Amino acid sequence: MTDTPSVVSGPEGIELAVRALRTGQLVALPTETVYGLGADASNPDAVAAVFRVKGRPTNHPLIVHLADAAAMGEWAAEVSPGAQQLAAAFWPGPLTLLVRRSPSVGDWVTGGRDTVGLRVPGDPVALALLRSFGGGVAAPSANRFGKVSPTSAAHVVADLGAEVDVVLDGGECSIGVESTIVDVSGAEVVVLRQGGVSVEALADVLGFRPRVEQARAAVGEAVAPGMLAAHYAPAAKVIICSADEVAAVAVDLLCDDPVADGAPMVIGVLSPSSVDGLPVEVIELEPAGEGADYAHALYARLRQADRLGITHLLCVPPLPTGVGAAVLDRLQRAAASS
Ligand code: TXA
Ligand code: MG
């Protein structure tokens with residue numbers, strides 16, 4: 001066994017990936033949000049391997065990726081009018097719908113819950129793979145449990161190595177943060193995770209603003225296991241600041257504690273636009289821009305911060321509208337866990 005997976009692309013790559021899924025192997029696939037670690041959702045052994053490789057507790061259910069909304073009927077016991085409306089408006093796209101599951105959906109995918117997460121991704125390579133495969137592909141983000149999601153094939157290879165059989169390279173993910181998860185299984189429509197579809201866009205289609213569930217601090221009875229605040233964190237301690245205060249916060253940190261735990265403190269800054277007045281010791285990462293640009297850059301910048309040995313990353317968030325709200329959410333989770 002080699003220590004690198006086979007990285008494939010193009011129509012031949014898709015064919016190879018489909019064969020791999022059919023024989024119970026793991027395939028990392030590009031989507032417009034982040035890369036997924038995919039397995040045939042109907043194969044319990046293949047899905048068990050996803051949990052093993054990711055190091056993820058089996059009570060954290062997986063999203064099932066489908067080729068089109070018509071396939072929803074095979075996986076859902078009931079498709080509510082709200083589910084239909086949202087699927088029609090946003091699929092293919094960065095939206096996951098939690099619906100009551102059909103009895104035929106395995107516990108190995110849902111962690112024994114009575115709902116299943118379904119998504120038709122918008123990325124053309126993902127869609128081509130799903131169409132050719134024909135079934136559902138169960139896939140969490142293709143990173144180790146609790147770490148930053150991968151937004152390129154190189155990130156997947158760096159994280160998982162040969163533990164994934166095939167990496168289907170579709171280039172950089174166009175959106176760069178995970179899908180919006182909306183629970184449409186009950187009487188109330190609830191946003192469980194903000195993501196590529198903004199709450200404003202959901203409200204436009206629904207005709208009302210859905211409730212947005214806040215991240216939880218600990219596992220316990222959390223509504224969705226993935227809503228844990230501790231997810232989505234780099235190794236660096238993340239500190240959220242406004243553009244006005246970031247230079248002063250950097251100066252204070254340097255004065256207070258020039259050496260953290262015996263190791264030198266390395267301060268970095270991530271901001272929508274370049275910051276004036278930073279001390280020379282501070283590493284300013286390339287500005288991330290606003291909204292969609294920040295989302296696209298976020299996880300690559302967090303990985304870069306780790307590579308540079310940054311111990312304290314001061315983050316100026318983007319404006320919290322559109323996908324900027326999902327970026328702020330991820331920064332808050334990262335800050336809460338470090
Ligand atoms: O953009 C995305 O959603 C990516 C791409 C690959 O599609 N996937 C992704 O999956 O982010 P994952 O597993 O990393 O995050 C999905 C979260 C998990 O925390 C999971 O526990 C939760 O959604 N989830 C999935 N199905 C659920 C269900 N039936 N009930 C409650 N939570 C669920
Ligand atoms: Mg994830």
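Contact, in what follows, means heavy atoms within 4.5 Å. The model on your screen is predicted, and the tour begins with a pair of helices before moving to the sheet.

Select helix α10 (residues 291–307) together with helix α11 (residues 324–337), whose axes come within 8 Å and cross at roughly 35 degrees. Turn the view until one helix lies over the other, and you will find that α10 passes α11 in a left-handed crossing. Showing side chains, you can pick out Gly291, Tyr294, Ala295, Leu298 and Tyr299 on the α10 side, which meet Gly324, Val327, Arg330 and Leu331 in α11. Sorted by class, this contact has six nonpolar, two polar and one charged residues.

Next, select the strands, of which 11 form an open sheet with mixed pairing, in the order β1-β8-β2-β3-β7-β4-β6-β5-β9-β10-β11. At the edges stand β1 (6–8) and β11 (211–212), and because each has a single partner strand, one side of each is left without a neighbour in the sheet.

From here, follow the sheet from β5 to β11. Strand β5 (residues 95–100) pairs with strand β9 (residues 180–183) in the parallel sense, over four bridges, and within this pairing leucine 98 stands opposite aspartate 183 in β9. Add helix α4 (residues 81–90) to the selection: α4 packs on the sheet, touching β5 and β9, and its direction makes about 155 degrees with that of β5. Between α4 and β5 lies the loop that holds proline 92, and the peptide bond leading from tryptophan 91 to proline 92 is cis, with omega near -5 degrees.

Moving on from β9, you reach strand β10 (residues 190–193), which runs antiparallel to β9 and is joined to it by three bridges; the hairpin from β9 to β10 passes through six residues. Centre on valine 191 in β10, which stands opposite valine 182 and also opposite valine 212 in β11. The pairing of β10 with β11 is in the parallel sense and has two bridges.

Now colour the buried nonpolar residues. The largest nonpolar core has 48 residues, and those touching the most other members are Leu86, Leu95, Leu97, Leu118, Val182 and Leu202. Two or more residues each are given to this core by β3 (36–40), α2 (44–54), α3 (72–75), α4, β5, β6 (115–119), α7 (153–160) and α8 (199–206), with the largest share, six residues, coming from α2. For a view from inside, centre on leucine 86, which, leaving aside its neighbours within four places in sequence, is in contact with Trp91, Leu95, Leu97, Val182, Val184, Leu202, Val205 and Leu206. Another core, of 25 residues, lies apart from this one, and includes Val177, Tyr232, Cys315 and Val323.

The last stop is threonine 151, in the loop between β7 (137–138) and α7. Is threonine 151 buried or exposed? Its relative accessibility is 5%, so threonine 151 counts as buried, the cut-off for that class being under 20%. Display its surroundings and, setting aside neighbours within four places in sequence, you will see contacts with Thr33, Val34, Tyr35, Gly171, Glu172, Cys173, Gly176, Tyr299 and Ala300. Tyr299 is also one of the α10 residues that meet α11, which leads back to the opening view. To finish, draw a distance from threonine 151 to alanine 326: their C-alpha atoms are separated by 15 Å, and the two residues are 175 residues apart along the chain.

Terms used: Residues numbered from 1 in each chain as written. Chains lettered and ligands numbered in written order. Predicted model: local features only at pLDDT ≥ 70, side-chain atom pairs only at ≥ 80, totals over all residues. Heavy atoms only, no water. Axes fitted to C-alpha atoms, helices over the stretch in contact; angles between N-to-C directions. Left-handed = near helix turned anticlockwise from the far one by under 90°. Nonpolar A, V, L, I, M, F, W, Y, C, P; charged D, E, K, R; others polar. Pairing = 2+ DSSP bridges. Core = buried A, V, L, I, M, F, W, Y, C linked by side-chain atoms within 4.5 Å. Buried < 20%, exposed > 50% of the residue type's maximum accessible area, 1.4 Å probe, protein only.
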